[in-house]
Amino acid sequence: MDGKADSADGNFRALIFALLALACGHMLSTLLRTIPAISLDVMAADFKTPPQTLASLTSIYHFAFAASQIPVGAAMDRFGVRPVALSLLVGTIIGALASGLATGPEGFLFGQFLLGVATSGMLMCPMTLAAKQMSAARFGLWSGIILSIGNIGMLLSASPLAFVVEHFGWRSGFWISAGFGAVVAIAVFLLVPKQAAEHADDSSPLSQMAEVLRIGLSRPLRGLIALGLVSLAASLVLRGLWGGPWLMEIKALGRIEAGNALGLFTLALIGGPVLMGIVDRSIGHRREVLAATHSFVALLLAVMAAGAPHYPLSNLFGVAAMPPWFDSMLLVLIGIAISAQPLLFGMTRQLAGAQNAGKALSGMNLAFFLGAALMQSATGVVATIFGLPAVLLFMAATLIIGTIVFLMYT
């Protein structure tokens, strides 16, 4: 009896080490995704290209990332997690080297395309392994831990990367990432077990890719996909695009002070998923928690917008604009509340079952990142025509619509 218990403990410990190794791949993905944000000006000067042009070229990363979810999800169900993860890590190393060696916009575009494709499965690899090997309750907690580890990449791409770029040039960020990728690949090779796909699928790759779309658009998952389209988009677009301009242009903070406020937001995004995983294990009711937290985030975004100069909240308190500490507090609350999004993976895993876990989770991830790409494009238009407060109100409106559709279909 003790022998069986020891064996079970050993197997679970080995699974945890495998998940941590794969989660470091997700951390690398979030780091690479945000390198251009901190070094765009020096890259543009190096390439003799306007920063706006270079910024628009980086969107190829998000679209390649989203499009690759379908074949990657099918591949994980067909071949298993380990070979797919190792292939993607090799591709990530090549993409980082190609980006670092780029001598102009065309070479950089190619590098970003490679990185978008190669990092597309970095979140899905640990998620799929956990979904296939863990109970639904335990998966809820571990999906949060995996996302939290991945979000550390956003911290690495802030002040530490700024220091590296300042002292060693923008290319060094890609060299370091390539080296980190090699270390993660060795860890995955050593720690992730050699397992055949548990439910190997012998159908053609094309029919498997069609199955990813069919599962994602099926009635049971439709509401989850609707909320997924706006959930991650709200946090990524706020953290990666509009949070800085809001604090610097509307609230007149310096770059470092704005960075500190966004750092608090990032810490909330790192700690939040683990906290929500614990809440999920303690009280359950995933549907109600997801609806409540996303509605709360919509309210917080509307309150933040109302604190702009000459907007209702500022007028109510008789001030020119609500003070920056107020925005920092709202950002922390938004970071914690929006971190309920891993519960979408948990609900997806429950509804799809272990056999289709890779395809269903990839369908959800496709919704996450396609939604982020679409919201990034849409908010750019809104900001140009109506200004930054309207961007926050637009994001709040999309969250409310997504939550309503989610409640209708679940």
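A salt bridge is taken here as a side-chain nitrogen of Lys or Arg within 4 Å of a carboxyl oxygen of Asp or Glu. By that criterion R171 forms a salt bridge with D46, since the closest N and O atoms are 3.4 Å apart and the cut-off is 4 Å. The structure is a predicted model, and a search of the whole of it finds 3 salt bridges. The points below take up these pairs, then the nonpolar core, the nonpolar surface patch and two serines.

**Salt bridges**

- The pair of R171 and D46 links distant parts of the chain, with R171 in helix 10 and D46 in helix 1, 125 residues apart.
- R171 is partly exposed, with a relative accessible area of 23%, and its partner D46 is likewise partly exposed, with a value of 37%.
- A salt bridge also joins the side chains of K251 and D327, with an N to O distance of 2.4 Å.
- Because K251 lies in the loop between helix 12 (219-250) and helix 13 (255-283), while D327 belongs to helix 16 (residues 324-338), this pair ties together parts of the chain that are 76 residues apart in sequence.
- Both K251 and D327 are buried.
- In a further salt bridge the side chains of R286 and D280 meet at 2.8 Å, N to O.
- R286 counts as buried because its relative accessibility of 10% falls under the 20% limit, and D280 counts as buried for the same reason, with a relative accessibility of 7%.

**Nonpolar core**

- The largest nonpolar core has 121 residues, and those with the most contacts inside it are M127, V188, L301 and F345.
- Helix 1 provides the largest share of this core, namely 15 residues.
- M127, when residues up to four places away in sequence are not counted, touches F139, S143, I146, L147, F345 and L361; one of these, F345, is itself listed among the residues with the most contacts inside the core.

**Nonpolar surface patch**

- On the surface, F17, L20, I186, F189, L190 and L191 form a nonpolar patch, and together they have about 590 Å² of accessible area.
- The elements that give two or more residues to the patch are helix 1 (2-47) and helix 10 (171-191), and the largest share, 4 residues, comes from helix 10.
- Which element holds F189? This patch residue lies in helix 10.
- F189 is classed as partly exposed because its relative accessible area of 48% lies between the 20% and 50% limits.

**Two serines**

- S148 is placed in helix 8 (residues 136-156) and counts as buried, at 6% relative accessibility.
- Leaving aside neighbours within four places in sequence, S148 is in contact with I270, P273 and V274.
- For one of these partners, V274, the C-alpha atom is separated from that of S148 by 6.7 Å, although the two residues are 126 residues apart along the chain.
- S314 has its place in helix 15 (residues 312-317).
- Is S314 buried or exposed? S314 is buried, because its relative accessible area is 0% and the limit for burial is 20%.
- Not counting residues up to four places away in sequence, S314 touches A306, G307, A308, P309, V319, A320, A321 and M322.

Methods. Residues are numbered from 1 along each chain as its sequence is written. This is a predicted model: local features need pLDDT of at least 70, side-chain atom pairs count only at pLDDT 80 or more; totals for chains, interfaces and linings use all residues. Side-chain values use heavy atoms; hydrogens and water are left out. Patches are made of residues with over 30% relative accessible area and no salt bridge: like charges are joined within 9 Å, nonpolar side chains (Val, Leu, Ile, Met, Phe, Trp, Tyr) within 5 Å. Accessible areas come from the Shrake-Rupley method with a 1.4 Å probe; for residues, only the protein chains shown count as cover. Buried means under 20% relative accessible area, exposed over 50%, partly exposed in between (1.4 Å probe, protein chains only). Contact means heavy atoms within 4.5 Å. A nonpolar core is a set of buried Ala, Val, Leu, Ile, Met, Phe, Trp, Tyr and Cys residues joined through side-chain atoms within 4.5 Å.
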